Every structure is written in C-alpha cells, then in structure tokens.
Amino acid sequence: MAVMATTSPPAFLPVLERIAQELGRTPGRGRPADYIPALAARDPRSFGMAVAELDGTMYGVGEWRQPFSTQSITKVFTLALDLAREGDELWEHVGREPSGNPFNSLVQLEYENGIPRNPFINAGALVVTDRLQTRTGDAAGELLAFLRAESGNPRLDFDLEVAASETAHGDRNAALAHFMASYHNIDNDVPVLLDQYFRQCSVAASCADLALATGFLARHGIRADGTRLLTRSQAKQVNAVMLTCGTYDAAGDFAYRVGLPGKSGVGGGIIAVVPGRCTLCVWSPGLDERGNSVAGVAALDRFTTLTGLSVF
C-alpha cells in the first residue's frame with residue numbers, strides 16, 4: 001500500500017501507514033462536491049497522503065500519485081506569485097481576516113466596500129487572480145508553470161472538463177467579480193478574469209505534486225531550485241493567512257485540531273506546512289458541510305498528534 005520514493009530512512013512512513021489503516025476502519029467519509037458536476041462522481045472512500053521533506057524526499061500512502069482536482073488549493077500559489085511581484089500593495093485590495101461566512105458569500109462585500117476579507121474566499125481569490133493577470137497577462141499559465149517547476153512534473157495540466165463545468169455553474173463567482181468591479185477593485189474584463197480563475201481551479205495534481213510544490217513555504221520562501229520567491233517575512237504572511245483562513249469558515253476548528261497552516265479545496269485535497277521541516281498533502285473527496293475533506297482533516301489531525309509536529 002505504501003511507497004517511498006527514495007532510500008532515505010522512512011521517518012514518516014510508519015506514521016502514514018498507521019493513519020491510512022486507522023482511516024480505513026472509519027465509517028462516514030462525507031460527500032463529494034455535487035455543485036460541480038465533474039467532481040460529483042468521485043468515490044468518497046478514495047484516500048492518498050504524501051509528505052515531502054525540505055530536500056524533496058517523499059513518503060506516501062494510498063492513492064498519493066493519483067491526480068485530483070486541486071480547486072481552491074491553487075489560491076495559495078497564486079497568492080504567493082502575486083505577493084512576490086507587488087508586495088504589500090496587494091493588501092490594500094484584499095484583507096487578511098477570517099470571514100466567518102461561506103467561501104462564496106456576497107454578504108460582507110457590500111458593507112466593506114468591495115474589499116474581500118481574505119485571499120482564500122472566492123471573492124479574495126478573484127482579486128488576487130485579477131492582479132496577477134494584470135502583471136503577467138496569463139495568471140493561470142503563470143500558476144501552471146510554477147506548479148510544474150516546483151513539483152518536477154511537466155505533465156501537470158488544466159482539466160478542461162472541470163473548467164467547463166465550473167464555467168457553466170459560475171453565476172455566483174461572476175456576481176462577486178462584477179460587484180467588486182463596481183468598487184474599482186477589479187482591473188480586467190470580468191469574462192477574462194473568470195476564464196483565468198476557472199482554469200486556475202481546474203488544475204489536476206496528485207498529493208505528491210502538491211506536497212512538493214508547497215515546499216517553498218516550509219523553506220521560508222526558497223524554491224526547489226534554490227532561488228527565492230518570497231522574503232522570509234512574506235512566507236510567514238502566507239502561512240499565517242493559511243492558518244487563520246485556509247479552510248473556509250472552519251479555520252478555527254482546523255487550527256485547534258491540526259495546528260498547521262493549511263489550505264483545502266472542494267476536490268477533497270488539503271495541503272499543510274510544517275515550517276522548517278516538511279509539507280504535506282492529503283486527498284479524499286468526501287467533504288463535510290463546510291467543504292473540507294472529512295478524512296483529510298482527520299488524517300492531518302492524527303499526523304500532528306503522532307509526530308508532535310505543529311506550529312504550537
């Protein structure tokens with residue numbers, strides 16, 4: 001069931017195997033996201049988990065090499081790519097506070113003058129994608145190139161079926177974008193922005209790919225090739241926002257249970273960071289009522305409990 005990608009001592013492998021065995025005996029794994037038809041058919045019993053150490057040493061169990069729809073996980077990488085380009089100016093257009101509302105809510109935008117609460121709710125991610133689009137001319141392409149480079153997997157790509165499915169059911173995101181544009185917080189034409197955003201969310205990647213791609217946040221801003229993407233302070237900022245805002249309106253419970261910066265997606269994946277030590281990705285498509293993977297949160301909870309690794 002378990003595979004180790006190198007011959008290094010399997011420091012994490014027994015832990016991952018134990019977690020997989022425990023979860024295999026656990027009933028009730030949630031339901032896949034049914035509002036995106038391309039995701040609705042996923043088996044909620046599927047499970048994969050990977051750990052990447054700072055030097056790229058990998059450990060994995062279950063379906064850790066199986067690509068899945070990354071969805072909102074990509075918001076972390078888009079945030080990092082834009083923050084690297086414009087620095088603190090970004091925070092004039094998107095906040096850093098938990099929303100306390102569903103990820104696609106319009107409620108707060110009106111009385112906060114079109115400034116989203118944080119970059120991980122849909123409104124905030126649209127702002128970040130818009131700003132990266134302005135700076136690069138192809139925000140989704142910039143994201144894909146970054147993920148390919150950091151994961152070492154040139155085959156990573158968009159899932160056009162998922163992107164089309166989201167486009168066909170994207171009225172709420174269009175409403176968010178038009179509303180923020182009315183406050184002059186969106187620069188690009190809304191149809192262009194939505195195309196970029198839906199392609200960004202459609203990237204298909206595995207736990208192995210995403211654990212490796214997240215490594216720069218554990219290395220305090222240093223990419224896999226040794227170059228610096230973010231300053232140490234900026235990497236801290238991204239990790240902090242992940243901890244407080246990365247799991248929709250369940251971020252407090254996630255911090256309480258897991259104690260790591262994390263970002264989930266409705267495709268069933270969650271990435272997590274142990275600064276200075278390793279990065280993780282877990283995938284199981286059954287979601288709870290807040291849009292987080294039931295088995296994924298449980299697995300990360302067990303990982304920090306069994307290893308003693310957390311930011312606290």
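This report describes the overall build of a predicted model of one protein chain and then looks at five of its residues in turn.

**The chain as a whole**

The secondary structure of the chain comprises 14 helices and 9 strands. Its radius of gyration is 18 Å, close to the 20 Å that the globule rule gives for 312 residues, so the chain is as compact as a globular protein of that length. The C-alpha trace spans about 55 × 40 × 35 Å along its principal axes, and 57% of the 312 residues count as buried. When contacts with a separation of 6 or more are considered, 69% of them join residues that are 24 or more positions apart.

The exposed area of the chain is about 12,100 Å², of which carbon and sulfur atoms supply 50%. There are 27 positive and 34 negative side chains, and the centres of these two sets lie 7 Å apart.

**Confidence**

The mean pLDDT of the chain is 93, with 96% of the residues reaching 70 or more. Over residues 1–10, however, the pLDDT is below 50, although this stretch has 24 contacts in the model beyond near neighbours in sequence. Where pLDDT is low, the predicted coordinates should not be read in detail.

**Five residues compared**

The table lists the accessibility of each residue discussed below.

| Residue | Relative accessible area | Class |
|---|---|---|
| Cys281 | 0% | buried |
| Gly267 | 7% | buried |
| Tyr248 | 7% | buried |
| Gly276 | 39% | partly exposed |
| Asn113 | 52% | exposed |

**Strands 7 to 9 and the loops between them**

Gly267 lies in the loop between strand 7 (262–264) and strand 8, and it counts as buried because its relative accessibility of 7% is under the 20% cut-off. Leaving out residues up to four places away in sequence, Gly267 touches Leu39, Phe68, Ser69, Gln71, Trp283 and Pro285. The C-alpha atoms of Gly267 and Phe146, which are 121 residues apart along the chain, are separated by 20 Å.

Gly276 sits in the next loop to be described, between strand 8 (269–274) and strand 9 (278–283). With a relative accessible area of 39%, Gly276 is partly exposed, and its contacts, again apart from residues up to four places away in sequence, are Leu54, Ala218 and His220. Between Gly276 and Arg228, 48 residues apart in sequence, the C-alpha to C-alpha distance is 15 Å.

Cys281 belongs to strand 9 itself and is buried at 0% relative accessibility. Beyond its neighbours within four places in sequence, Cys281 is in contact with Gly48, Met49, Ala50, Phe68, Cys207, Leu210, Ala211, Ile270 and Ile271. One of these partners, Leu210, is 71 residues from Cys281 in sequence, yet the two C-alpha atoms are 6.3 Å apart in space. Phe68 appears among the contacts of Cys281 and also among those of Gly267.

**Two loop residues with positive phi**

Asn113 has a phi near 55°, a positive value in a residue other than glycine, and its place is in the loop between helix 4 (107–111) and helix 5 (122–136). Asn113 is exposed, because its relative accessible area of 52% is over the 50% cut-off.

Tyr248 also has a positive phi, near 60°, and is likewise a residue other than glycine. Tyr248 is found in the loop between helix 12 (232–245) and helix 13 (251–257), but here the residue is buried, with a relative accessible area of 7%.

Key. Residues numbered from 1 in each chain as written. Predicted model: local features only at pLDDT ≥ 70, side-chain atom pairs only at ≥ 80, totals over all residues. Heavy atoms only, no water. Helix = DSSP H or I, 4+ residues; strand = E, 2+ residues; numbered from the N terminus. Rg over C-alpha atoms; globule rule 2.2 N^0.38 Å. Buried < 20%, exposed > 50% of the residue type's maximum accessible area, 1.4 Å probe, protein only. Contact = heavy atoms within 4.5 Å. Areas by Shrake-Rupley, 256 points an atom, 1.4 Å probe, with all protein chains shown as cover. Lys, Arg positive; Asp, Glu negative; His and termini not counted. Charge placed at Lys NZ, Arg CZ, Asp CG, Glu CD. pLDDT = per-residue confidence, 0-100.
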